[in-house]
Amino acid sequence: MKKKVNKHLLIVFIVLFLVVAIDLVSKQLTDGVFCQVIENVFSFDSTHNYGASWGLFAGKTWFLIILSSLFLIGVCIFDYFFKMKNMLYSFAVSFVFAGAVGNLLDRIFLGYVRDFIKTDFMVFPIFNVADIAITVGVVLMLIYIIIDMTKTMEIDKKELLNKNKTNFEETFINDKTDLNKNEKSDNNLPFKKNSKSKHKLCKKRDAKK
């Protein structure tokens, strides 16, 4: 009997391998390089980042290594217990995980992160392929959350409508049952017998007269 392939893990491993490989190769090829790719749009400007984005935690490499490791462990734990997985979720987690691994490897083996992509049309920190992967993963995760929330709201709306419909039907049936009971109780009253006896007495009195 063939074992069923876990599509989620397959996507994670493929994306992880491709993103990390592209990230490391691109960093190696552009290390120490400066060149303008598209004029006034973006260029390659190799820099060594000893902190996080925007110069945060500069020089605190071990702190960032521990923080990144805890983040990856947290992602693994969350992913293990999270049951509502689909294709979009798998790609979102894969990109975030792969990007974090790419930068973590730089910090562990080099003590800094190699950044090289510079946007010339706006002031923005120089970044790398791993950073792009993390951004893509976060955007996909937000899309997944929005879609999931929309579906949940639609399901809740349908359940509420069905509940209201059921309550209305039950109320209607109960009212009809009560009405039938009232009609039966009215038929059992001695009203008709008394009226008949009074009618007979009136006839006898008229006959005597």
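Start with Thr47. Its bridge partner in S3 is Asp115. Keep in mind that this is a predicted model. Another pair on that strand: Phe44 stands opposite Ile117 in S3. Between S2 and S3 there are 6 bridges, and the sense is antiparallel.

Now widen the view to the sheet. It is open, it has 3 strands, and the order is S1-S2-S3. The pairing is antiparallel. S1, residues 34–38, and S3 are the edge strands, each pairing on one side only. On average, neighbouring strands are turned by 30 degrees against each other, direction ignored. A general reminder here: strands of a sheet pair through backbone hydrogen bonds, parallel or antiparallel.

Is S3 mostly covered or mostly open? Mostly covered. The strand spans residues 113–119, and 6 of its 7 residues are buried.

Next, Asp45. Asp45 sits in strand S2, residues 42–49. What does Asp45 touch, beyond residues up to four places away in sequence? Val33, Phe34, Asp115, Phe116, Lys118 and Ile126. One more distance for Asp45. Phe127 is 82 residues away along the chain, yet the two C-alpha atoms are separated by 9.6 Å.

On to helix H1. H1 lies across S2 and S3. Against S3, it runs at about 80 degrees. How does the length of H1 check out, at 1.5 Å a residue? Its 24 residues should span 34 Å, and the end C-alpha atoms are 34 Å apart, so the two agree.

Look at both ends of H1. At the start, a side-chain oxygen of Asn6 comes to within 3.1 Å of the backbone nitrogen of His8. Just after the helix, Gly32 takes a positive phi of about 80 degrees.

Which residues of H1 are buried? The hydrophobic names are Ile11, Val12, Val15, Leu16, Val19 and Val20, among others. But the list also includes His8, Asp23, Ser26, Lys27 and Thr30.

Lys27 deserves a stop. Lys27 lies in H1. Why does Lys27 count as buried? Because its relative accessibility is 1%, and the cut-off for buried is under 20%. Its side chain has polar contacts with two acids. With the side chain of Asp23, the distance is 2.8 Å. With the side chain of Asp106, it is 3.1 Å. Leave aside neighbours within four places in sequence, and Lys27 is in contact with Gly102, Asn103, Asp106, Val113, Arg114, Phe116 and Asn128. Val113 and Phe116 fall within the residue range of S3, 113–119.

Last, the core. In soluble globular proteins, nonpolar side chains tend to be buried together. Here the largest nonpolar core has 18 residues. Which of them touch the most other members? Leu16, Val19, Leu72, Tyr89, Phe97 and Val101. Four helices each supply at least two residues: H1 at 7–30, H2 at 61–81, H3 at 87–110 and H4 at 129–187. H3 gives the largest share, 7 residues.

Zoom in on Val19, one of those well-connected members. Not counting residues up to four places away in sequence, Val19 touches Phe95, Ala98, Gly99, Val129 and Ala133. Phe95, Ala98 and Gly99 lie within the range of H3, while Val129 and Ala133 lie within the range of H4.

To close, back to H1. This helix lies across S2 and S3, and it also supplies at least two residues to the core.

Key. Residues numbered from 1 in each chain as written. Predicted model: local features only at pLDDT ≥ 70, side-chain atom pairs only at ≥ 80, totals over all residues. Heavy atoms only, no water. Core = buried A, V, L, I, M, F, W, Y, C linked by side-chain atoms within 4.5 Å. Buried < 20%, exposed > 50% of the residue type's maximum accessible area, 1.4 Å probe, protein only. Contact = heavy atoms within 4.5 Å. Expected span 1.5 Å × (residues − 1). Polar contact = N/O pair within 3.5 Å; in protein donor to acceptor, adjacent residues only side chain to side chain. Pairing = 2+ DSSP bridges. Axes fitted to C-alpha atoms, helices over the stretch in contact; angles between N-to-C directions.
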